[in-house]
Amino acid sequence: MASQESTYPGQPYSGHNKIPNIKQFVEGLDRQKKHRDAEIEAQGKSKNQDAGSNGEAKDHVVTQKPGKNRRIVRDPVTGKDVEIEDIGSSHMKAAQNPTLTVPNANLGKDASVRTDARQSGEEYRVAQDVTAPPDPVAQGATSDVPIHGEKTNVLFHPTPSVTFEPLFEAVEARANVLCAFVFFAIVFMGKMFGGSLWGLVPLGMCVASAVFLWAKDLIRQGRDVEWSSEQKRGETAVVNLIPESVEWLNTAVGLIWGLINPEMFAAVADTLEDVMQASVPGVIENVKVSDISQGTNPLRILSLRALPDSQVEDLKEDIRKQDEKVKDPQEMAADEEGGDFYNLEATVAYHSLPSGNDVSSKAKNMGMQLVFYLGVKGFFGVPFPIWVELNGLVATARMRVALSPAPPFIKTLSVTLMGLPKVEASCVPLVEKGANILNLPLISNFVNWAIATAANMYVAPKSLTLDIGKMLAGDTVKKETEALGVLFVRIHKATGLSKQDRRGKAGGGSDPYICVAFSKFGKPQYCTRVIQDDLNPVFEESCALLVTSDIVKADEQLSLELWDSDRSSADDVVGKVELSIQKLIQHPGRMFPQASRLRGLKPDSEMPGELHWEVGFFGKTQFRKALRTDGKDQNLPAALRDRAELQDDKGSLDTAEEDNVVHTPPDPLWPSGILSVVVHQIVNLELQNVKGSRGGKRKGGREFEPARPDAGDITEEQGKKLPSSYCTILLNDELVYKTRTKVVSSRPIFEAGTERFVRDWRSTIVTVAVRDSRNRQHDPLIGVVPLKLSDVMQTASQTTRWYPLDGGIGFGRVRISLLFRSVELKLPPAQLGFGDVGTFEFLSDTIETESYAPASKLKIKLRTGGSSATVKPDVCTAASSPNTPSLTWDISNLHLRLPVRYRYRSPIFFEFHRQGKRSADAFAAIWLLDVVDSATQTFDVPIWRCDNPMRLSQNYITEANYTAIPDLKIETVGRLRFRGRFKPGTDRDHLKFVSDNDSRETIEAWEACFAEGVRSEEVHKEVPPVVERLHEESLSMGRDVLARAGEEEKGRWLGRDGTDWTGAFHVDDEGGDEENDEDDEGSESEDEEGSEDVDLGIEDANSVSARSSAEGKEGDGAASVVSQGSGSASKNGSGRGSGTRSGSRNPIKQFREYKSRSRDLHRQHRGLMQWKPMRNVQFAKDEALFSIRRLTKVGSLSGRTPDVETEV
């Protein structure tokens, strides 16, 4: 039985929640058919074995065997197994001529089986069950009556109705006579025996009254029973699932149908567009749903019936178990006691009215306009508009409403389809006298299959759950990550591996690398570097994998697979190790060192070798109360900060956890965590006019007209001039996610995003870039949005805002949600880096050796992950002291910098070469994973000689472990000293890494941010001032001795528990309190000033020059970092200033100036790139260059690198 699945609206598409496509849908249908055939065959065998056995009478069961389109699933509404059937052509005919199955007894006909009021309750129930639709078993028991026939009634299958009113009247009359008789009998008989009338009359009245009251009570009880029987009529109909007539509801739907806003169908159009976009064949480049209309012909409700709540006990129990995992006990108890459930089943049908070729006749029926772009993706696309008219639709759905005592009294609504709906659509080209092309499989079959694929997302046992309360409140803010925590894996080394190749030196013969994946999912989540020709590789790499509830429920295994990389054939599996995630997460918060023997692909097989690694599960942290804020935007001026209309959208806050998310910023004590990024939609998206203005008579325009008539708000939502946009998400200058393309729209809706592990939120930068998908040219950058977490999360761990697009060729505003949740993982300072991208800088004027000088002149070759450099022997000098031989290289004029692409898996490797010899004489290595970001330090590393330089450069070998490396002869011959640092982030030196379109777009997005002045060439760790203040207050909270202690004394007390607070804020600002006091005083004095010195935030040449001079007096700060190197941004400062022209008329100077700012101009389609032929030439040139680079890498050893995540 398939497990129940739920799809929640607003849940963004991602790599785990991909857009469904037709191919996967058809494959799923085939698998279901094979499964049903196997069950039918098994049932046939069991029936043959049970043939001839007798038993007692049984209730009526469905006798129709499951066929091609019938299957048994778990109903998510009632929680019971139910047989569903995909709607077919027979259902379409029944919808066109609707009839109801009515017992012959109700029609006055002879019936083989009928219900009778004289039957017992059980006999009546069985008889009614037999005669109730949809499966009568008795021949001649029922008849089909048209829904508009004379027998139409609210209840077509009435239950017995018995009236006792005549009996009640007779009892009441006789009771009155009896009372009179009793009264006179008592008085007469008492007087005969000598009684007094003063006693007999009261006695007779009392007895008569008692008899009268007893009769009245008997009549009341009888009427109660009669009323109860009428109530049982409806309850019996509900139990036996008898449908009711809903003509009254069809009348209401017909009146309301024309009043519905077509914008309500935007979500349906967007889903269909996504499905078709993910399923288009090769001859179709793109597809777009440009319009959808419900027409004036409404849907028809065929039947409506209530489902008994007694059948949902299993479902309630399942919901309770799920709530135990995600809700606190008080909230769960309130939900269970707060309301009940109402279950309903409805069958709807639609049939189009006759229409002609004119637009007005087509407007009566439901339909949508599609635009197919026929051609080859990336080269050309010809738009082919088509009108899709809905001819027929039949569907059956079940709804389950969770009621709540608080308004709006409905908490959630679950909807599931009882089988695939039957849809018939016709496709007509939007040209004059267009013929119906329904029979062309290229269009009609594709459209019908796309609709079926989209509907299959909600066919039982899957369901659509709507949180009505949050929808009415307009809550689309995500306040919790899907990930429960992270699996942190640290891979140390492997020993004793099997030899896979014939070649190889001693201790070699294999090129191993390790892939970390989930065993059932299979796709690699992380891959180490390839270490060539080594059977004992030392990796020392780490990775973090997000753990979701689906992974836990699927009982996934964490799999570490060791592969052998081959140049000319497929890679071979050397061995693997698996670990149960369900067992691991029961012991959170610690690392477990492992030394695991490798096994083969089969469970009982073994492979030579041992893997040394660590693993641990780390859940999300609790919010610290000491860091709670008011949630207001600190970037707003104090005078505007309290205004309600300027506050961020927080949605509805239903739980204490959600309230903490929007009022508590990230904790500096837990810098590592899970980051969720969601791109919702873009509005007012358009391309700027890169051509010159036409104002004035001399340029062909009219006098006094605006220079740019297109200025102002956009006037259309769809059009040829609008971009076909898609978004890319860069995390710390690395491309991690790419959305689908939304064709020619000014309001594209994406609702897509990803969740990623970040090492340190204090330096994390998310960049969302919006691009225009084009043919035969690079996709231009419409705009970028750089977001640094320490800037946008000053008072909350979640933010949802609209951001303007800047730095490209277009305009628009994009809605982005960011959510960060810390995890209980403490990484060492060197591991709390910005990411893999950065630059290693030599800051000292010299590089010196001690006890190593084989010659007076040596050349140094340096290389790292992606770059290399050379220090020539001309700058090398030998020391004069004969006792301590040493060499010195003067690098003061070299500005030695090595851009790094894979920081956590590569070293800075030194090779010392004698003149006239190709092989290196000695080596040195500094592994960047041991270097702290932006920290200037003096490096003192050993210089080695060894017999295998390649093995020395690829393995993690340091001064601490070099003696334990097998099959490597290594000796220390001297020391190497210099001063340097690792600068995190991208700079212009990373242009040499551009080898494909992804890397080109990544560096282009950084250039746009840098040119606009929102990014510098260096990334700093920062903590918002409000968070720093709250954290410092929390350290001394409740400790009076610390409140009066100095900074040195306070640090000594707070360090006694072993907690290291020095890295909480990365840099301790001395005199911070004084600066804050000065700011406060400045603000007070500013309030006292008059209005003549009001700061309006104007920036012109005067303000820029004044600010530059002030920064120059302060010293070499961040401004000196921005001005490093050469290029467009360093000379102009911002992209807006890049359009300025030089006053010089010298053509050589003009050409040099153009070259210096050409990248900024070309990115904005200015200069030579304003003409399309030049962009086509640039595209062809780059594609040829990328192809050549790919060819040069053919045959190289490489691992299985994970692809960029996407929802398609």
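Here is a short walk through the structure shown above, from its strands to its charged pairs and its surface. Keep in mind along the way that the model is predicted.

Let us begin with a sheet. Four strands form an open sheet, in the order β25-β22-β30-β28, with antiparallel pairing. At the edges stand β25 (749-758) and β28 (798-804); each has a single partner strand, so one side of each is left without a neighbour in the sheet. On average, neighbouring strands of this sheet are turned by 20° against each other, direction ignored. To look at one pairing in detail, follow strand β22 (residues 673-687), which is joined to β25 by 8 bridges, the two running antiparallel. A good spot to find this pairing is Gly673, whose bridge partner in β25 is Val758.

Another pair of strands is worth a visit. Strand β7 (residues 300-307) is mostly covered, with 6 of its 8 residues buried. β7 pairs with strand β8 (residues 341-351) over 7 bridges, again in the antiparallel sense. Here Ala306 stands opposite Leu344 in β8.

From strands we can step to a helix. Leu584 belongs to helix α14 (residues 581-584). Is this residue, Leu584, buried or exposed? With a relative accessible area of 7%, Leu584 is buried, because the limit for that word is under 20%. The C-alpha atom of Leu584 is separated by 10.0 Å from that of Phe618, a residue 34 positions apart from it along the chain.

Now for the charged side chains. How many salt bridges does the structure hold? The number is 40. One of them joins Lys788 and Glu1022, whose closest N and O atoms are 3.6 Å apart. This pair links distant parts of the chain, 234 residues apart: Lys788 is in strand β27 (residues 781-788), and Glu1022 is in the loop between α18 (997-1011) and α19 (1025-1035). The two partners are covered to differing degrees: Lys788 is buried at a relative accessible area of 13%, whereas Glu1022 is partly exposed at 35%.

Arg897 makes another good stopping point. Its side chain meets that of Asp987 in a salt bridge, at 2.8 Å from N to O. Asp987 lies in the loop between β41 (970-984) and α18, and Arg897 in strand β37 (residues 897-900), so the pair ties together parts that are 90 residues apart in sequence. Asp987 counts as buried, at 0% relative accessibility, while Arg897 counts as partly exposed at 23%. Arg897 also meets the side chain of Asp989 in a salt bridge, at 2.1 Å from N to O. Asp989, too, is in the loop between β41 and α18, and this pair links parts of the chain 92 residues apart. With 30% relative accessibility, Asp989 counts as partly exposed. These residues are part of a network of salt bridges that links Glu841, Arg897, Arg981, Lys983, Asp987, Asp989 and Glu1018.

What about cysteines? A disulfide is a covalent bond between the sulfur atoms of two cysteines. A search of the whole structure finds 0 disulfides. Two cysteines to look at are Cys876, buried with a relative accessible area of 0%, and Cys1009, which counts as buried at 1%.

Finally, come out to the surface. There, Phe188, Met189, Met192 and Phe193 form a nonpolar patch, with about 510 Å² of accessible area together. Within this patch, Met192 has its place in helix α4 (residues 165-192). Met192 is exposed, with a relative accessible area of 54%.

Key: Residues numbered from 1 in each chain as written. Predicted model: local features only at pLDDT ≥ 70, side-chain atom pairs only at ≥ 80, totals over all residues. Heavy atoms only, no water. Patch = residues over 30% accessible without salt bridge, like charges linked within 9 Å, V, L, I, M, F, W, Y side chains within 5 Å. Areas by Shrake-Rupley, 256 points an atom, 1.4 Å probe, with all protein chains shown as cover. Salt bridge = Lys/Arg side-chain N within 4 Å of Asp/Glu carboxyl O. Buried < 20%, exposed > 50% of the residue type's maximum accessible area, 1.4 Å probe, protein only. Pairing = 2+ DSSP bridges. Axes fitted to C-alpha atoms, helices over the stretch in contact; angles between N-to-C directions. Disulfide = S-S within 2.5 Å.
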